[in-house]
Amino acid sequence: MASVKISIIGAGSAVFSLRLISDICKTESLAGSFVTLMDVDESRLDAAYILASQYARDMKANIQFEETIELEKAISGADFVINTALVGGHAFLEKMRKIGEKHGYYRGIDTQEFNMVSDYYTLTNWNQLSFFLEIATMMEKLSPNAWLLQAANPVFEGTTLISRKSKIKMVGFCHGHHAVNDIVDTLNLEKEKIDWQVAGFNHAIWLTRFHYDGKDAYPILDEWFKEHPNGKSPKNPFDDQLSPAAIDTYHFYGRMPIGDTVRNSGWKYHYDLETKKKWYGGPWGGADSELGWKWYEDRLREITALTSKTAELLKKNKNVKLSEALSANFSIIPADFANEVKSFYDPSILSGEQHIPFIDAIVNNHTNRFVVNILNNGVIAGIPNDVAVEIPARVDKDGIHPEEITPPLPERIIKWYLYPRMARMEWALEAFEKKNPDLIVEILLRDRRTHSYEQARAVVDEIFKDIS
Ligand code: NAD
């Protein structure tokens, strides 16, 4: 049992904070730890701090919290820094998307082949990438032995960039691989008998190994597809693991795309809303259509409203428990999030985010299996060593031990998906590092939505007008 200083950057994040804090409070082997919540938005930060402190009291967890708007204070002396910040927020993403659409780029210029995820900007997000490097540089000075746990997107570009530029220990995390469970549940298989591996890049992972009771389970999946050629109808925009797009992708590449990989497909499924509806199901057409993304943003707004209303209530009445304060506002939030909030009070259920179990594995040698983003260093054949891959690994007090990928990724995936995705990552990072908008124009000239050089030039000029 060891106490550590964990700093959460972007702690006002609607998605992450409550999950991470509940995991910390439930992990008894981290009792006595000190958590610094850092955000530039004081009201969101304050709400997160009030909720976290009350939650720890309710759970009788021995965890101390502090809040700060100073990055330096958060990083100084930290053992683990978790970055969940989105510089400029969703408003920046929507502003960029709008400019792109004005110039004829449906869903904005950051929407690219094999990168359709609507908050995974790689071309216009220089402030976000600069912030990643600012954190790493500051850690080198103020907490050189600390780990950086990167949750903020883009995890693929970010992990590659930081790992190339900095000597700090780092790992990128995504929860997309949990979608393997959607397949297991749909096929009515027993989880304990499954042996699986995924490999690829972040938001580009493939079910390389899928065994059930010691035998290849792909034939079971093939049988299900024969009986359900149109897959499953979605319950929400993100429910796409068994969508027609996923099945079609599998048939071309030979292995199942997992999690966000299903969204990150080629233009075939994304030309326009009607096409998206055909492949991802109605009424939304997947998470990244204008309808699906609105669903998601409305949900984030509802959750943010819930946290600030709850914080107000707790400020006024010190005797109220967090669970009571939250449930008073359950009517204003989606039912599934209300259920998730209830699960925060079940000590046996962790959130599924990997950050806190990873810290526990490193600090307390509680060995565990994770899906991590780290530099390749030979794990995936055919991919350079200095490119971040997403792979399963065992983690213990000595660090991250990648699994051997057996069977390996098929050539079809490496040559037709990973190579072009990797090239786009390299182009985006070069444009960012050289601060050269002309390179973004070049990227757009390779984009099917571009009809003329003038179109690409105009959108880039409007977006980067303040860069000399
Ligand atoms: P959000 O806008 O709700 O929260 C981000 C927080 O960052 C806000 O509270 C904001 O004030 C704060 N912030 C902005 N600039 C900051 C700065 N300079 N210093 C400190 N804090 C700052 O965003 P969100 O929807 O919660 O997403 C956050 C990030 O997480 C995004 O990059 C998103 O793509 C990513 N994400 C990752 C995963 C994953 O599994 N890895 C899953 C979902 C979202």
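**Exercise 1. What is the accessible surface of the protein, and which percentage of this surface belongs to carbon and sulfur atoms?**

Solution. The model is a predicted one. Its accessible surface comes to about 19,500 Å². Carbon and sulfur atoms hold 51% of that area. As to burial, 59% of the 468 residues count as buried.

**Exercise 2. Determine whether the overall dimensions agree with the globule rule.**

Solution. Begin with the architecture: the protein contains 17 helices and 13 strands. The radius of gyration is 22 Å, and the globule rule gives 23 Å for 468 residues; the two values are close, so the protein is as compact as a globular protein of that length. Next, take the extents of the C-alpha trace along the principal axes, which are about 60 × 60 × 45 Å. Finally, turn to the contacts between residues at least 6 apart in sequence: 70% of these join residues at least 24 apart.

**Exercise 3. Classify the ring pair of phenylalanine 358 and phenylalanine 370, and state which parts the pair ties together.**

Solution. The structure holds 21 aromatic pairs. For this one, the centres are 5.8 Å apart, within the 6.5 Å limit for pairing. The planes meet at 80°, which is over the 60 degrees required for an edge-to-face assignment. Phenylalanine 358 belongs to helix α14 (residues 355-364) and phenylalanine 370 to strand β11 (residues 368-375), so the pair ties together parts twelve residues apart in sequence. Both phenylalanine 358 and phenylalanine 370 are buried.

**Exercise 4. Which residues do ring pairs link into a cluster?**

Solution. The cluster consists of Phe114, Trp206, Phe252, Tyr253, Trp416 and Tyr417.

Conventions: Residues are numbered from 1 along each chain as its sequence is written. This is a predicted model: local features need pLDDT of at least 70, side-chain atom pairs count only at pLDDT 80 or more; totals for chains, interfaces and linings use all residues. Side-chain values use heavy atoms; hydrogens and water are left out. Helices (H or I, at least four residues) and strands (E, at least two) are DSSP runs, numbered from the N terminus. The radius of gyration is taken over C-alpha atoms; the globule rule is 2.2 Å times the number of residues to the power 0.38. Buried means under 20% relative accessible area, exposed over 50%, partly exposed in between (1.4 Å probe, protein chains only). Contact means heavy atoms within 4.5 Å. Accessible areas come from the Shrake-Rupley method with a 1.4 Å probe; for residues, only the protein chains shown count as cover. Rings of Phe, Tyr and Trp (its six-membered ring) pair if their centres lie within 6.5 Å; planes under 30 degrees apart count as stacked, over 60 as edge-to-face and the rest as tilted.
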